[in-house]
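Visitor: I have a structure open and I'd like to learn how to read it. Could you walk me through it?

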Amino acid sequence: MRLTPHQQVEIRSAVARLFGADAEVRLFGSRTDDNKRGGDIDLYVETDLTDTEQIFRQEMALLVDLNLALGEQKIDLVVRQRGQSAELPIHRVARET
């Protein structure tokens, strides 16, 4: 995984603060491959929040918080409500990779 310990702590902390202590966060995409260079930070978050407007606000707040904590970086964020029956292909890919 190509994230520094500082980046890992900041990501976990921000996700827990904004999406709840039970929220799950996973890194996926090119940053999971130690042999590659560069690339954006792809994050998959699963949350117990159910209000779609609140989830959207938390997504925006997370991106702002991470840019302040980690410096300006390209961050892609995929958020899914835990237990939601509809699953997009990106959800499966993010969990499996």
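Visitor: Let's begin with one residue. Which strand does Asp42 lie in?

Guide: Before anything else, keep in mind that this is a predicted model. Asp42 belongs to strand 2, which covers residues 41–47.

Visitor: How far from Asp42 is the nearest side chain of opposite charge?

Guide: The general idea is that side chains of opposite charge can pair when their charged atoms come close. Here the nearest candidate for Asp42 is Lys74, and that side chain is 6.6 Å away. The cut-off for a salt bridge is 4 Å. So Asp42 is buried yet has no salt bridge.

Visitor: Which residues does Asp42 touch?

Guide: Leaving aside residues up to four places away in sequence, Asp42 touches Arg26, Leu27, Phe28, Gly29, Ser30 and Asp76.

Visitor: Then what is Lys74 paired with in a salt bridge?

Guide: Lys74 forms one with Asp76, where the closest N and O atoms are 2.6 Å apart. Lys74 is exposed, because its relative accessible area is 53% and the exposed class starts over 50%. Asp76 comes out at 26%, so it is partly exposed.

Visitor: Ile75 sits between those two in the numbering. Is Ile75 buried or exposed?

Guide: Buried: its relative accessibility is 11%, and the limit for that label is under 20%. Ile75 is part of strand 3, residues 75–81. Its contacts, again skipping residues up to four places away in sequence, are Ile41, Leu43, Leu63 and Leu66.

Visitor: And how far apart are the C-alpha atoms of Ile75 and Arg26?

Guide: They are separated by 13 Å, and along the chain the two are 49 residues apart.

Visitor: On to helices. How do I check the length of helix 2?

Guide: Use the rise of 1.5 Å a residue. Helix 2 runs over residues 52–70, and its 19 residues should span 27 Å. The C-alpha atoms at its ends are 26 Å apart, which agrees.

Visitor: Which residues of helix 2 are buried?

Guide: Ile55, Gln58, Glu59, Leu62, Leu66 and Leu70. They cover an arc of only 110 degrees around the axis, so they are on the same side of helix 2. Flip to the other side and you'll find Glu53 and Leu68 exposed.

Visitor: What covers the buried residues of helix 2?

Guide: The cover includes helix 1 (5–19), strand 2 and strand 3. Leu66, one of the buried residues in helix 2, also turned up among the contacts of Ile75.

Visitor: What should I look for at the two ends of helix 2?

Guide: At the start, look at Asp51: one of its side-chain oxygens reaches to within 2.8 Å of the backbone nitrogen of Glu53. Just after the helix comes Gly71, with a positive phi of about 90 degrees.

Visitor: Let me try helix 1 the same way. What span should its 15 residues have?

Guide: At 1.5 Å a residue they should span 21 Å, and the end C-alpha atoms are 21 Å apart, which agrees. Buried in helix 1 are Gln7, Gln8, Ile11, Ala14, Val15, Leu18 and Phe19. Seen down the axis, these fall within an arc of 140 degrees, so they line one face of the helix. Pro5, Val9 and Arg17 are exposed on the other side. Among the elements covering the buried residues are strand 1 (24–28), strand 2, helix 2 and strand 3. Gly20 follows helix 1, and its phi is positive, near 105 degrees.

Visitor: Back to charges. How many salt bridges are there?

Guide: The count comes to six. One of them joins Arg26 and Glu24, at 2.4 Å from N to O. Both partners are partly exposed: Arg26 has a relative accessible area of 30%, and Glu24 has 27%.

Visitor: Which salt bridge links distant parts of the chain?

Guide: Try Asp48 and Arg82, whose side chains meet at 2.9 Å, N to O. Asp48 is in the loop between strand 2 and helix 2, while Arg82 is in the loop between strand 3 and helix 3 (89–96), 34 residues apart. Asp48 counts as partly exposed at 46% relative accessibility, and so does Arg82 at 30%.

Key:
Residues numbered from 1 in each chain as written. Predicted model: local features only at pLDDT ≥ 70, side-chain atom pairs only at ≥ 80, totals over all residues. Heavy atoms only, no water. Helix = DSSP H or I, 4+ residues; strand = E, 2+ residues; numbered from the N terminus. Buried < 20%, exposed > 50% of the residue type's maximum accessible area, 1.4 Å probe, protein only. Lys, Arg positive; Asp, Glu negative; His and termini not counted. Contact = heavy atoms within 4.5 Å. Expected span 1.5 Å × (residues − 1). Arc of directions from axis to C-beta. Polar contact = N/O pair within 3.5 Å; in protein donor to acceptor, adjacent residues only side chain to side chain.
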